[in-house]
Amino acid sequence: MNAPDADMSDKRVSVSSEQRAPSDGGMAEKADVVDIPVALRIDPVAERKLLWKFDLRILPILAVMYLFNGLDKGNMGNAKTAGLTDSLGLFGNQYNILLSVFFIPYVLTAPFLGIAGKKYGPSRVLPLMMLVYGSMTLLTITATNFGGLFALRWFVGMGESAFFPLVIYYQTTFYRRGELARRLALFYAASNIANAFSGLLAFGTFQIHDGRIDPWRYLFVVEGAGTILMAIISWFYLPMNGATAWFLTAEEKELAHHRLQIDSSSVVNQPFDLRDALAILKEPSSWVILAIEMCLGVPLQSVNLYLPVIIQRLNYGTILTNLYTVAPNVTGAAMLLVLSFSSDFTRLRFPFVALGFAMTLTGFVIYACVDLSSQLQVAYFACFMMTWGTSAPSVLLDVWYNNNIANENRRVLLTTIGVPTANVMGLVSSNIFVNKDAPKYLPALITTACFGAVGCVLTLGLGAWMIIDNKRRDMREGKKAKAKDIPTEMLAEGPANPGYRWHL
């Protein structure tokens with residue numbers, strides 16, 4: 001991939017040496033401000049080699065980390081089918097409260113952990129978060145009543161709160177805007193695989209009947225211990241960012257820094273400034289994004305938390321119910337990759353976000369309307385559509401607004417608010433699937449479908465407004481331009497800059 005147009009090649013930007021990639025693999029030393037070229041021509045062969053290193057050394061470990069994150073987040077649904085509520089003596093809506101309490105610290109602590117991740121680096125904060133929620137998951141085997149599990153779920157929510165936002169920000173320190181969606185999708189697909197693997201893992205652990213502990217507790221032993229081990233490995237393995245990665249040569253570090261300067265961040269490795277970060281909340285588009293995140297959160301959390309319960313209605317039995325969650329989650333991962341690669345190929349985001357909303361809306365409507373006595377296969381197919389539609393918007397929506405924010409401070413703040421906003425809607429999901437509506441849960445299905453419909457409309461509306469605003473900016477400047485044509489180092493002010501163009 002070449003640098004932007006040749007007329008940009010002679011422009012220069014002042015960057016301190018602490019913002020530049022160190023050539024010796026160590027930390028950069030402070031020095032005087034120097035001038036470096038903004039848009040040198042990039043050797044495509046060297047760039048492909050660099051990307052290949054990132055893809056092989058960063059994405060796999062992030063995917064495994066997120067796999068354990070998904071396992072620890074979604075294991076309650078599996079455990080319920082194997083007698084968790086009876087073992088702990090839960091009654092009334094206590095199980096729903098245990099699901100809900102997860103999301104309170106998830107929202108309260110996410111912005112603070114996000115700021116810590118920006119200040120100290122995601123490569124330091126992410127492993128520590130894993131250590132916390134992995135330990136709490138492992139300690140779940142000691143829970144004997146509602147109060148004990150309540151406390152453990154609180155700390156699991158706290159530990160997981162900023163995980164996904166920080167991974168998104170972390171990947172923006174390695175990849176350009178047009179490269180991000182498919183890489184983030186490969187990472188996020190681990191969540192779908194986690195849900196599928198959780199079903200297989202539950203299927204296996206629920207076969208253990210040695211009498212020492214309940215079979216469902218073995219699920220938490222395996223998942224918690226694996227998470228702790230992965231936290232230790234990632235602490236020693238992950239580099240701070242692309243420009244300081246230990247596996248790159250000095251020339252590759254300079255290239256990694258330069259790529260981000262022209263097509264990701266206005267200032268690479270920008271020091272955190274809270275006042276500067278809060279400016280993103282003055283943008284009307286940010287609030288529309290947060291509204292879309294809310295609409296996304298209900299179907300996303302409904303599928304994550306209740307897919308085993310939804311499939312249980314099909315009367316396959318406890319063991320087969322968990323086994324039958326595998327295929328929908330695997331195909332959900334496949335659909336996520338298809339839509340994300342298509343999004344990067346077309347350099348469009350909002351049409352694929354809207355398509356995802358439409359699919360999950362259709363899945364919930366079909367499931368609510370079918371007659372199980374004669375349309376069992378149709379009902380199971382609807383479960384596939386539910387997973388198809390929740391994964392893609394979750395990734396592409398985050399990529400969409402990250403692509404439109406060149407300022408690193410503002411980017412990390414909106415991400416650490418937006419992603420938890422989607423997840424806190426699990427409070428809605430965990431309180432609409434109530435026992436009195438079992439086994440069909442019709443009110444919950446209708447509510448979830450309505451959130452999907454509103455999300456689809458808001459996405460299309462925001463996308464249409466961005467298209468119109470880009471045309472207005474073209475008319476004012478007397479020339480046509482696209483977001484990809486403008487180096488991000490010129491876009492620190494965001495939409496306030498007349499030369500800004502929305503990434504659609």
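Where is the place of Tyr-441? In this predicted model, Tyr-441 sits in the loop between helix H19, residues 426-432, and helix H20, residues 442-477. I open with this residue on account of its backbone. Tyr-441 is not a glycine, and yet its phi is positive, near 55°. As for its surroundings, Tyr-441 is buried, with a relative accessible area of 7%.

A second residue belongs beside it. Arg-347 also has a positive phi, of about 60°, although it is not a glycine. Arg-347 occupies the loop between helix H15, residues 326-346, and helix H16, residues 350-369. Is Arg-347 buried or partly exposed? Its relative accessible area is 23%, and the threshold for buried is under 20%, so Arg-347 counts as partly exposed.

From that loop I move to H16 itself and to its packing against helix H13, residues 284-312. Two packed helices are described by the angle between their axes and the distance between the axes. Here the axes of H13 and H16 come within 12 Å and cross at roughly 45°. That angle falls neither under 35 degrees nor in the range of 65 to 115, and the two helices are therefore oblique to each other. The crossing in which H13 passes H16 is left-handed. On the H13 side, the contact is made by Ile-292, Cys-295, Leu-296, Pro-299, Ser-302, Val-303, Ile-310 and Ile-311. On the H16 side, the contributors are Phe-357, Thr-360, Phe-364 and Tyr-367. Which classes of residue make up the contact of H13 with H16? There are 10 nonpolar and two polar residues, and no charged ones.

The second helix pair is H17, residues 376-403, with H18, residues 408-424. Their axes come within 10 Å, and the crossing angle is roughly 155°. With angles over 145 degrees counted as roughly antiparallel, H17 is roughly antiparallel to H18. H17 passes H18 in a right-handed crossing. From H17, the residues in contact are Asp-398, Tyr-401 and Asn-402. They meet Arg-411, Leu-414, Thr-415, Gly-418 and Val-419 of H18. By class, this contact divides into three nonpolar, three polar and two charged residues. Set beside it, the contact of H13 with H16 has no charged residues.

Let me return to the loops for one further position. Gly-317 lies in the loop between H13 and helix H14, residues 318-323. At a relative accessibility of 38%, Gly-317 is partly exposed. Which residue lies 236 places from Gly-317 along the chain, with its C-alpha atom 9.2 Å from that of the glycine? The residue is Thr-81.

Two helices remain, and burial is the topic for both. Helix H4, residues 94-101, is mostly covered, with seven of its eight residues buried. The buried residues of H4 are Gln-94, Tyr-95, Asn-96, Leu-98, Leu-99, Ser-100 and Val-101.

Helix H8 spans residues 163-172 and includes Thr-172. Thr-172 is buried, with a relative accessible area of 3%. What lies 2.5 Å from a polar atom of the Thr-172 side chain? The partner is the backbone oxygen of Tyr-169. An α-helix has 3.6 residues a turn, so residues three or four places apart point the same way.

To close, I recall the two loop residues with which I began. Tyr-441 is buried, whereas Arg-347 is partly exposed, and each has a positive phi without being a glycine.

Technical notes:
Residues numbered from 1 in each chain as written. Predicted model: local features only at pLDDT ≥ 70, side-chain atom pairs only at ≥ 80, totals over all residues. Heavy atoms only, no water. Axes fitted to C-alpha atoms, helices over the stretch in contact; angles between N-to-C directions. Helix = DSSP H or I, 4+ residues; strand = E, 2+ residues; numbered from the N terminus. Left-handed = near helix turned anticlockwise from the far one by under 90°. Contact = heavy atoms within 4.5 Å. Nonpolar A, V, L, I, M, F, W, Y, C, P; charged D, E, K, R; others polar. Buried < 20%, exposed > 50% of the residue type's maximum accessible area, 1.4 Å probe, protein only. Polar contact = N/O pair within 3.5 Å; in protein donor to acceptor, adjacent residues only side chain to side chain.
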